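Dear colleague,

I am handing over the structure below, together with a short account of what came out of going through it. Please read the notes beside the coordinates.

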Amino acid sequence: MADTSTRRRVKLYMLNEDRQWDDRGTGHVSSAYVEQLKGMSLLVRSETDGSLLLESKILSDTAYQKQQETLIVWSEGENYDLALSFQEKTGCDEIWEKICNVQGKDPSVEITQDIIEESEDERFDEMPEVAHPIDLPACDLGKLSEISELFSSVLGSPVRREKLSTAIEQSGYVKKLLDLFEMCEDLDNVHGLHYLYDIFKSLFLLNKQALFDILFQEDTIFAVVGVLEYDPSQVTPVKHREFLQKTAKFKEVIPFSNQELVHKIHQTFRVQYIQDVILPAPSVFDENMMSSLNSFIYFNKVEIVSMVQEDEKFLLQLFASITSEKTAEDSRRDLVHFLKEFCTFSQSLQPQSKESFFKTLSGFGVLPAIEFILQQDDIKMKMAAIDIFSYIVDFSPSMVREFILKEGQTQDDDDLLINLVIEQMINDPDAELGGAVQLMSIIRLLIDPENMIAVQMKTEKTEFLSFFYKHSMHVLTAPLFAVTAEDKPSKDDFQTAQLLSLILELLTFCVEHHTYNIKNYIISKDLLRRVLVLLRSRHAFLLLCALRFMRKIIGLKEEFYNRYIIKGNLFKPVVEAFKANGNKYNLLNSAMIELFEYIRLEAIKSLCNHIVEAHIHELEHVDYVNTFDSLKTTYEQEKIKDKSLGFEGYVINSALSIRNNRFRRDPRALEEDEEMWFDQEDDVDDGENIVPMSDIHSKLGNDLELGKFPTEPRRAGALFDTKDIDDLKESTTRIINKTNSPINITLKNSPLTSPLNSPERPNSPGSPGSPGRPVTCPTPASSPITAPLNNAKRPGIGLVDYPDEDSDDDDGDSAENIGPSPKRARIAT
């Protein structure tokens with residue numbers, strides 16, 4: 001039985017000025033008392049956003065009409081007609097009963113009020129027909145014209161349509177009409193056959209389940225098909241009976257013990273053929289006229305699935321035959337196609353029934369059967385297996401992932417179901433790669449973290465993705481690595497380019513939705529470099545796929561990826577492709593400019609610096625956009641800003657501004673830094689450990705000139721690159737200026753003693769031998785910073801504010817062992 005939401009699902013229609021029905025949305029209908037309207041009302045809320053599509057008070061004098069068992073129509077004022085088209089008859093009956101209760105009517109009626117818009121003559125003509133049953137003409141050849149006219153005239157009136165259906169059912173009129181058909185066919189009475197076609201077409205449009213039960217009986221259905229062969233619009237009859245009886249063959253791959261099941265299968269196929277092939281395609285306004293036919297087919301399929309599902313003996317034999325080595329290939333193909341059709345029928349089931357269905361198939365071994373089929377050579381059988389696999393993954397990807405993880409514990413990578421699917425995608429024989437596109441969608445569903453769930457102590461995401469990258473990712477990327485071993489693609493035909501575009505689409509999806517797994521894979525395999533080789537392909541769509549992959553990586557704005565791009569000089573193939581494209585105003589040109597523009601607008605400093613320093617001379621001639629001029633201007637402004645501070649001036653100037661530039665803190669954080677600065681006043685080392693600045697200069701050598709910074713790209717926000725820190729890690733931890741007045745200088749975790757890789761500072765506050773008294777030295781009168789000789793707290797000067805962390809390494813050397821270095825000329829600040 002359908003749930004409430006399905007039962008009350010409706011489409012709302014409103015009649016426009018042209019007397020055409022406009023679809024105003026799909027939602028769920030209910031009836032409730034509305035305080036503002038002071039009465040019971042019909043409410044329809046949208047199924048997409050929950051907004052109110054309709055709020056209509058049920059008035060006692062409004063004429064409501066129930067049509068075709070799933071339609072309620074009424075008018076509110078002049079030229080304002082509304083209609084509710086229900087998905088299911090039960091929902092229509094439920095709302096109709098509530099309307100009738102409000103108006104005090106019997107729910108068995110089809111119209112709650114007299115239709116006042118009709119003229120008196122029309123009402124007079126209608127009343128006898130409402131009051132009395134319809135008298136059918138005698139079923140004779142001479143009356144066929146009259147019968148056809150009667151049947152077509154009642155279609156516009158629900159009451160008369162109901163009366164006619166009842167009269168036909170009670171009088172056995174269908175059998176009599178079919179007898180006339182045999183007579184007309186024997187006599188070659190073409191006019192009579194054309195009349196009969198119109199009569200039976202009207203019978204279908206009466207849309208009554210009881211009539212369909214008569215029309216589709218085993219002894220009548222072929223005669224009905226015969227009548228429908230004589231379409232007046234066709235010059236010659238179409239031989240539908242010959243096709244159904246001789247051409248279409250029913251293959252009973254495994255004999256059914258239930259004969260009712262066999263009958264249902266035959267009936268459903270024939271009725272489906274009538275609907276899809278014989279009857280004309282319904283227009284938008286005729287769709288509801290065939291709702292009962294749709295329901296007839298739907299419930300037949302549900303019955304078939306249920307009966308097969310309950311036959312355990314049949315299912316055991318089915319899967320055993322599919323996976324048996326002794327089964328002939330023709331028989332196996334028929335079994336697989338039966339299973340595919342069986343799964344296709346299941347798509348019409350409700351979610352709860354569908355879940356039971358797939359659990360039953362899983363219990364009988366549908367996934368091992370698919371795995372077995374994919375290892376065969378029969379292409380048609382493989383395509384059918386892929387369709388079955390697609391149904392299963394669409395409904396329950398978790399069930400498939402669980403199976404893959406379990407078989408991974410016992411099977412080799414080559415035999416894993418996921419790898420067989422990937423290989424089938426790679427080796428799709430279709431020139432247009434239709435199957436590969438379908439398989440790509442299936443794989444994306446399986447690796448999508450959005451539909452993964454947590455199971456007990458482990459998360460499905462962590463476990464399955466780790467498994468996929470370990471056992472399957474190399475299979476997926478194998479064609480890419482095979483083609484990109486050289487500086488240009490070794491194979492560049494259309495089918496290969498299409499396949500690589502599908503692989504790149506999956507990899508781009510991984511970059512967007514996976515975290516460390518894809519990151520580690522890209523770095524360890526140098527994947528981006530291999531992808532960028534495809535920028536030399538002659539297929540524009542493949543170039544765009546490769547560029548989109550890089551754009552997705554840069555869009556993450558992770559410095560980890562940025563350093564990888566800079567170190568590998570991976571903008572070089574992009575710039576070369578940009579130059580090769582020339583001045584063509586095409587999609588590739590726009591995509592590349594957007595990439596550079598994104599880097600500029602998002603202020604990705606490391607990439608900006610790299611592009612300007614390594615490639616601006618190749619790009620600065622582009623004058624139809626200002627992207628590259630802006631990149632160069634931004635870069636030069638940063639350089640001027642950096643050069644305005646000499647090295648010694650940078651050390652002496654306020655450490656607070658250095659911290660602010662590095663961490664981009666807000667003013668409140670700046671004040672907190674000042675408090676920390678003053679609190680550190682007493683935490684200075686003994687004068688014995690002070691080393692002249694010239695000693696530091698001698699250790700820097702030529703790698704870092706005073707007043708300059710490294711030209712190599714640095715990690716975002718860092719004063720020095722990792723290489724600079726490594727060069728300085730053996731240096732002493734104390735620096736003084738030759739000054740005439742005393743000044744306290746505190747270097748806290750400077751680049752000279754990086755907390756990540758330098759030894760523990762000797763005689764630091766809290767360590768043995770540190771008396772904790774201030775360090776004083778003379779400061780010349782020209783120094784920009786002077787401090788009075790008093791006991792007031794004075795701030796120390798920090799070179800770089802690294803976090804307070806103690807190194808895990810111990811070093812036996814002390815600053816006391818470092819001798820004085822030769823004096824160098826002081827650099828003026």
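Which residues make the nonpolar surface patch of about 270 Å²? In this model, which is a predicted one, the patch is made by Y33, M40 and V102. Of these residues, M40 has its place in strand 3, and M40 counts as partly exposed because its relative accessible area is 33%, which lies between the limits of 20% for buried and 50% for exposed.

Strand 3 belongs to an open sheet of 7 strands, whose order is 4-3-2-1-7-6-5 and whose pairing is antiparallel. The edges of this sheet are taken by strand 4 (52-57) and strand 5 (64-67), each of which has a single partner strand, so that one side of each is left without a neighbour in the sheet. On average, and with direction ignored, neighbouring strands of the sheet are turned by 30° against each other.

Within the sheet, strand 2 (residues 21-34) pairs with strand 3 (residues 39-46) in the antiparallel sense over 8 bridges, and G27 has S46 in strand 3 as its bridge partner. Helix 2 (residues 89-103) packs on the sheet, where it touches strand 2, strand 3, strand 5, strand 6 (71-75) and strand 7 (81-86), and the direction of helix 2 makes about 155° with that of strand 5.

As for the whole protein, it has 36 helices and 11 strands, and 48% of its 829 residues count as buried. The protein exposes about 42700 Å², of which carbon and sulfur atoms supply 50%.

With best regards

Key
Residues are numbered from 1 along each chain as its sequence is written. This is a predicted model: local features need pLDDT of at least 70, side-chain atom pairs count only at pLDDT 80 or more; totals for chains, interfaces and linings use all residues. Side-chain values use heavy atoms; hydrogens and water are left out. Two strands pair if DSSP finds at least two bridges between them. Helices (H or I, at least four residues) and strands (E, at least two) are DSSP runs, numbered from the N terminus. Axes are lines fitted to C-alpha atoms, for helices over the stretch in contact, and angles run from 0 to 180 degrees between N-to-C directions. Contact means heavy atoms within 4.5 Å. Patches are made of residues with over 30% relative accessible area and no salt bridge: like charges are joined within 9 Å, nonpolar side chains (Val, Leu, Ile, Met, Phe, Trp, Tyr) within 5 Å. Accessible areas come from the Shrake-Rupley method with a 1.4 Å probe; for residues, only the protein chains shown count as cover. A salt bridge is a side-chain nitrogen of Lys or Arg within 4 Å of a carboxyl oxygen of Asp or Glu. Buried means under 20% relative accessible area, exposed over 50%, partly exposed in between (1.4 Å probe, protein chains only).
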